[in-house]
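Hi,

Here is the structure for your set. Please look it over, then read the notes underneath.

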Amino acid sequence: MPRIVEDALARAVQLPSAVVHAHVASLRRRNPDATPEQLVRLLEKEYLRVVAGAGGAVGAAAAAPAVGTGVALVLTASDVATFFSASAAYVLAVASVHGIEVEDTERRRALLLTALLGESGAKALNDLTGFGGANAARLLLTRLPMATVKKVNTTLTRRMVRTQLAKQTGLFFGRLLPYGVGMVVGATGGRALGRQVVTGARKAFGPAPLAFAPVLELKAADPRLIEPAPSPQPGPTPR
């Protein structure tokens, strides 16, 4: 199970930015009068529907009489992958609404881990960096040196694997319950995990902007990500 969680996380942060932007643009076209805050709420509802639906579908399949424990484990691995993929898509879409985009996978990983851990993610980030408030997302994505980001990822990954292992193991056995109980357990568990991510994202990003702004695109090779701006050199002293 730990390998399943780590592999799912590694794949999730590879989501192409073009897919994220296309989805946000589509949502805006369907809701032309929506403010950034309303769009974030729509993204939250959509995300919770996806993870609850996926969890319920896996629970229904895993509880079928002909399904053994081995097949149920494969179904659980699929559900974990779906959960992480949907979580990454949701978090990056919220970042897009806030006008932030980063291609670097290490920074994406830090942001996703913070959201996945919810309240404990914000606390862990604050313990590691001294920052864990509403601007944590912008700080993670645009300001922290890469060495610090990697340190954050190492610590949060260990914590996230332990947390997900405990929760997914409980869901795994709950999904095996017959008579539709497994489906309910899967859907309820998926929604509960999703709500934790929503809480984590709200804490990381803070309030939505008042208006849509152009996306601030920061490439991995952008020196602003690592090196501070050089201090101006003093000119000659006037006589």
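The notes below cover two helices and the nonpolar core.

This is a predicted model, in which local features need pLDDT of at least 70, side-chain atom pairs count only at pLDDT 80 or more, and totals for chains, interfaces and linings use all residues. Residues are numbered from 1 along each chain as its sequence is written, and side-chain values use heavy atoms, with hydrogens and water left out.

Helix H6 (helices are DSSP runs of H or I, at least four residues, numbered from the N terminus) covers residues 118-129. Its twelve residues should span 16 Å at 1.5 Å a residue, and the end C-alpha atoms are 17 Å apart, which agrees. The expected span is 1.5 Å times one less than the number of residues.

Buried means under 20% relative accessible area and exposed over 50%, with partly exposed in between (1.4 Å probe, protein chains only). In H6, Gly-118, Gly-121, Ala-122, Ala-124, Leu-125 and Thr-129 are buried. Down the axis, these buried residues fall within an arc of 165°, so they line one face of H6. The arc is taken from the directions from the helix axis to the C-beta atoms. Glu-119, Lys-123 and Asp-127 are exposed on the other side. Gly-130 follows H6, with a positive phi near 85°.

Helix H2 runs over residues 17-30. Its buried residues include Val-20, Val-24 and Leu-27.

The largest nonpolar core (buried Ala, Val, Leu, Ile, Met, Phe, Trp, Tyr and Cys joined through side-chain atoms within 4.5 Å) has 53 residues. Tyr-47, Phe-84, Tyr-90 and Met-160 have the most contacts inside it. Helix H4 (residues 69-97) gives the most to this core, twelve residues.

Best wishes

Methods. Helices (H or I, at least four residues) and strands (E, at least two) are DSSP runs, numbered from the N terminus.
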